[in-house]
Amino acid sequence: MEILFLGTGHAISTRSYNTCYVLRQNERYLLVDGGGGNGILRQLQRARLPWQKIKDIFVTHRHMDHVLGVFWLIRMIVKAMKRGTYVGEARIYGHEEVIHLLRSTAALLLDPGDLGFLDTRLHFIPVEDGETRKIRGWDVTFFDIHSTKARQFGYTLESNGHKLGCCGDEPLNDANFTRLAGSQWLLHEAFCLYRDRERFRPYEKHHSTVREACENGDRLQVPNLILYHTEDTCLPQRKALYTAEGKTYYKGNLFIPDDLECLKVW
C-alpha cells in the first residue's frame with residue numbers, strides 16, 4: 001500500500017495543491033477528495049497516474065477545496081464513457097449530504113447527453129457513520145468526525161492485519177479515539193507551527209498546529225504519523241521545521257509529505 005499525495009495544502013494554497021491523495025496497491029486505487037479545481041488533472045498527469053484508472057472516490061465533506069476537483073473527474077469520466085474509452089464503472093462515496101450535492105450539481109453541470117451515465121455506470125453511494133464497505137478489496141469504515149463546520153467523515157482502512165486511519169481535516173475528536181486506536185498509520189491535519197499560531201490563526205478555522213497533531217498521535221500511540229493540509233509559505237523548509245517541532249511531542253515516525261510525494265505504508 002502506498003499513499004500518493006496529489007496535494008498537501010490548505011483551502012487557499014497557491015504554492016501547493018489542496019489536500020487530496022490516492023491510496024494504491026497492485027493497480028487498485030482509491031482517491032480521497034479532489035482538491036479545489038481542475039488542477040486535479042494536472043496533478044494526476046504529473047504523478048503519471050492516468051485519471052482513467054480512478055474507479056473509486058471518497059469525498060470527506062462539501063468544502064470547495066475538497067469537492068470541486070471531483071466535478072472535473074465526473075466530467076472526464078462520463079465523457080469517456082460516452083466515447084467508449086472508460087472501462088467499467090465508477091463509484092463515489094460520501095455521507096448523504098455530500099452525495100446529494102455531487103449528484104444534483106453534476107446533473108446541472110453536465111451536458112444533457114451525458115446524464116444517462118449518472119447512477120447507471122457512475123454510482124453515487126451514500127455511507128453511514130460506522131458503516132464498513134469493501135472497496136477494492138480493503139475494508140473501509142467511515143465515521144463522523146463531529147465537525148464544528150460542515151459535516152465530515154473520516155475513515156479507517158484495514159487490510160491483512162494493517163490499519164490506516166484518517167481523522168479528516170480537523171483535529172482528532174475524542175469521540176473517535178477508539179475508532180482510530182490500533183492504527184499503524186494516522187493522517188492528521190496540521191495547519192501551521194505552534195509558534196506561528198498567532199500569524200495563521202488555525203483555531204479560528206478549527207485546525208491544529210503541528211504540536212497538537214503530534215500530541216494526538218502520541219496519545220493514540222500510532223507508530224507513524226502523517227501531517228498534511230498545511231499553510232504553504234515555507235515549502236522548502238517545511239519538512240525540517242515541522243519535524244523539529246513535532247519530535248518534541250511525538251516519539252514515532254513523523255512524515256510531512258510534499259505534493260506528488262509517495263509514501264509506502266505497507
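1. A good place to start is the pairing of Ile 3: its bridge partner in strand 2 is Leu 23. That contact belongs to an antiparallel pairing of strand 1 and strand 2, which extends over five bridges. Bear in mind as you look around that this is a predicted model.

2. Strand 1 has another neighbour too. Three bridges join it to strand 14 (residues 262–264), and these two strands run antiparallel. Here Leu 4 has Cys 262 as its bridge partner in strand 14. Is strand 1 enclosed or open? Five of the six residues of strand 1 (residues 2–7) are buried, so the rest of the structure largely encloses it.

3. Now for the aromatic rings, where the count comes to eight pairs. Take Tyr 21 and Tyr 228: their ring centres are 6.1 Å apart and their planes meet at 40 degrees, so this pair counts as tilted. Tyr 21 sits in strand 2 (residues 20–25) and Tyr 228 in strand 12 (residues 224–228), so the pair ties together parts that are 207 residues apart in sequence. Both Tyr 21 and Tyr 228 are buried.

4. Have a look at Trp 51 and Tyr 86 next. With ring centres 6.5 Å apart and planes at 15 degrees, the pair is stacked, because planes under 30 degrees apart count that way. Trp 51 is in the loop between helix 1 (39–46) and strand 4 (56–58), while Tyr 86 is in the loop between helix 2 (64–83) and strand 5 (90–94), so the pair ties together parts 35 residues apart in sequence. Trp 51 and Tyr 86 are both buried.

5. Tyr 86 has a charged visitor as well: Lys 55 lies over the face of its ring, at 3.7 Å from the ring centre. You can find a similar arrangement at Tyr 194, where the charged end of Arg 211 sits over the ring, 4.7 Å from its centre. Elsewhere, ring pairs link Phe 58, Tyr 93, Phe 142 and Tyr 155 into a cluster.

6. What about empty space inside? The count comes to one cavity of 30 Å³ or more, and the largest cavity has a volume of about 80 Å³. Which residues line the largest cavity? Among them are Thr 19, Tyr 21, Val 32, Asp 33, His 66, Cys 166, Asp 169, Tyr 228 and His 229. So two rings from point 3, Tyr 21 and Tyr 228, turn up again because each has an atom within 4 Å of a cavity point. By type, the lining divides into four nonpolar, six polar and two charged residues.

7. For a hairpin, go to strand 7 (residues 132–135) and strand 8 (residues 138–144), which pair in the antiparallel sense over four bridges. Lys 134 stands opposite Asp 139 in strand 8. The hairpin has two residues between its strands, and Arg 136 takes a positive phi near 55 degrees there.

8. One last stop is Arg 103, which is found in helix 3 (residues 96–109). How exposed is Arg 103? Its relative accessible area is 31%, so it counts as partly exposed. Arg 103 and Ile 74 are 29 residues apart in sequence, and their C-alpha atoms are 9.9 Å apart in space.

Key: Residues are numbered from 1 along each chain as its sequence is written. This is a predicted model: local features need pLDDT of at least 70, side-chain atom pairs count only at pLDDT 80 or more; totals for chains, interfaces and linings use all residues. Side-chain values use heavy atoms; hydrogens and water are left out. On a 1 Å grid over the protein atoms alone, a cavity is a set of points where a 1.4 Å probe fits but cannot get out, and a pocket is an open set with protein on both sides within 12 Å along at least five of seven lines; lining residues have an atom within 4 Å of a point. Grid points are joined across faces, edges and corners, and a volume is the space filled by probe spheres set on the points. Ala, Val, Leu, Ile, Met, Phe, Trp, Tyr, Cys and Pro count as nonpolar, Asp, Glu, Lys and Arg as charged, and the others, Gly among them, as polar. Rings of Phe, Tyr and Trp (its six-membered ring) pair if their centres lie within 6.5 Å; planes under 30 degrees apart count as stacked, over 60 as edge-to-face and the rest as tilted. Buried means under 20% relative accessible area, exposed over 50%, partly exposed in between (1.4 Å probe, protein chains only). A charge sits over a ring if NZ of Lys or CZ of Arg is within 6 Å of the ring centre and within 35 degrees of the ring normal. Two strands pair if DSSP finds at least two bridges between them.
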